[in-house]
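Me: I have a chain in front of me and would like to go through its layout, its charged pairs and its surface. Please reason each answer through and end on the value or name I ask for.

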Amino acid sequence: MRVSFPEAGIKENHIEGKIKKWKRDYFYLDAILQIPGFGWNPNENKLVVQNDVWNEFVRVSNFEFV
């Protein structure tokens, strides 16, 4: 990285932090996709769910939405 982008200032801990966040986000996405009614749209690369399923999920879950 330093050879290709010497002025970027990217350090090992920056990369490790990004990987840690990706793993956490992937864990949540994988958990949500296991719930009946949730799905993945591969053409748009996004989560899909009907409103009634989503509303019930929000009502009973303890996920923190940011």
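The questions and answers below concern a predicted model.

Me: In what order do the elements of the chain run from the N terminus on?
Reply: The model has 2 helices and 2 strands. One helix, α1, covers residues 12-33, and the other helix, α2, covers residues 51-60. Read from the N terminus, the order is α-β-β-α.

Me: What share of the residues of the chain counts as buried?
Reply: A residue counts as buried when its relative accessible area is under 20%. The chain has 66 residues and exposes about 6200 Å². Carbon and sulfur atoms supply 55% of that exposed area. The buried share of the residues is 8%.

Me: Among contacts between residues at least 6 apart in sequence, what percentage joins residues at least 24 apart?
Reply: Two residues are in contact when heavy atoms lie within 4.5 Å. Of the contacts in the chain between residues at least 6 apart, the part that joins residues at least 24 apart is 9%.

Me: Which residue forms a salt bridge with D25?
Reply: The partner lies in helix α1 along with D25, 4 residues away, or about one turn of the helix. The closest N and O atoms of the pair are 2.6 Å apart. D25 is partly exposed because its relative accessibility is 35%, and its partner is partly exposed at 41%. That partner is K21.

Me: How far apart are the closest N and O atoms of R59 and E56?
Reply: R59 and E56 both belong to helix α2 and are 3 residues apart, so about one helical turn separates them. R59 counts as exposed because its relative accessible area is 60%, whereas E56, at 38%, is partly exposed. The two form a salt bridge with an N to O distance of 2.8 Å.

Me: Is K46 buried, partly exposed or exposed?
Reply: The side chain of K46 meets that of E44 in a salt bridge, 3.0 Å from N to O. E44 has a relative accessible area of 48% and is partly exposed. The relative accessibility of K46 is 41%, which lies between the limits of 20% and 50%, so K46 is partly exposed.

Me: Which residue of the nonpolar patch with I15 and I19 is found in the segment before α1?
Reply: The patch has an area of about 240 Å² and is made by three isoleucines, I15 and I19 among them. A patch residue needs over 30% relative accessible area. The residue asked for has 37% and is partly exposed. The patch residue in the segment before α1 is I10.

Conventions:
Residues numbered from 1 in each chain as written. Predicted model: local features only at pLDDT ≥ 70, side-chain atom pairs only at ≥ 80, totals over all residues. Heavy atoms only, no water. Salt bridge = Lys/Arg side-chain N within 4 Å of Asp/Glu carboxyl O. Buried < 20%, exposed > 50% of the residue type's maximum accessible area, 1.4 Å probe, protein only. Patch = residues over 30% accessible without salt bridge, like charges linked within 9 Å, V, L, I, M, F, W, Y side chains within 5 Å. Areas by Shrake-Rupley, 256 points an atom, 1.4 Å probe, with all protein chains shown as cover.
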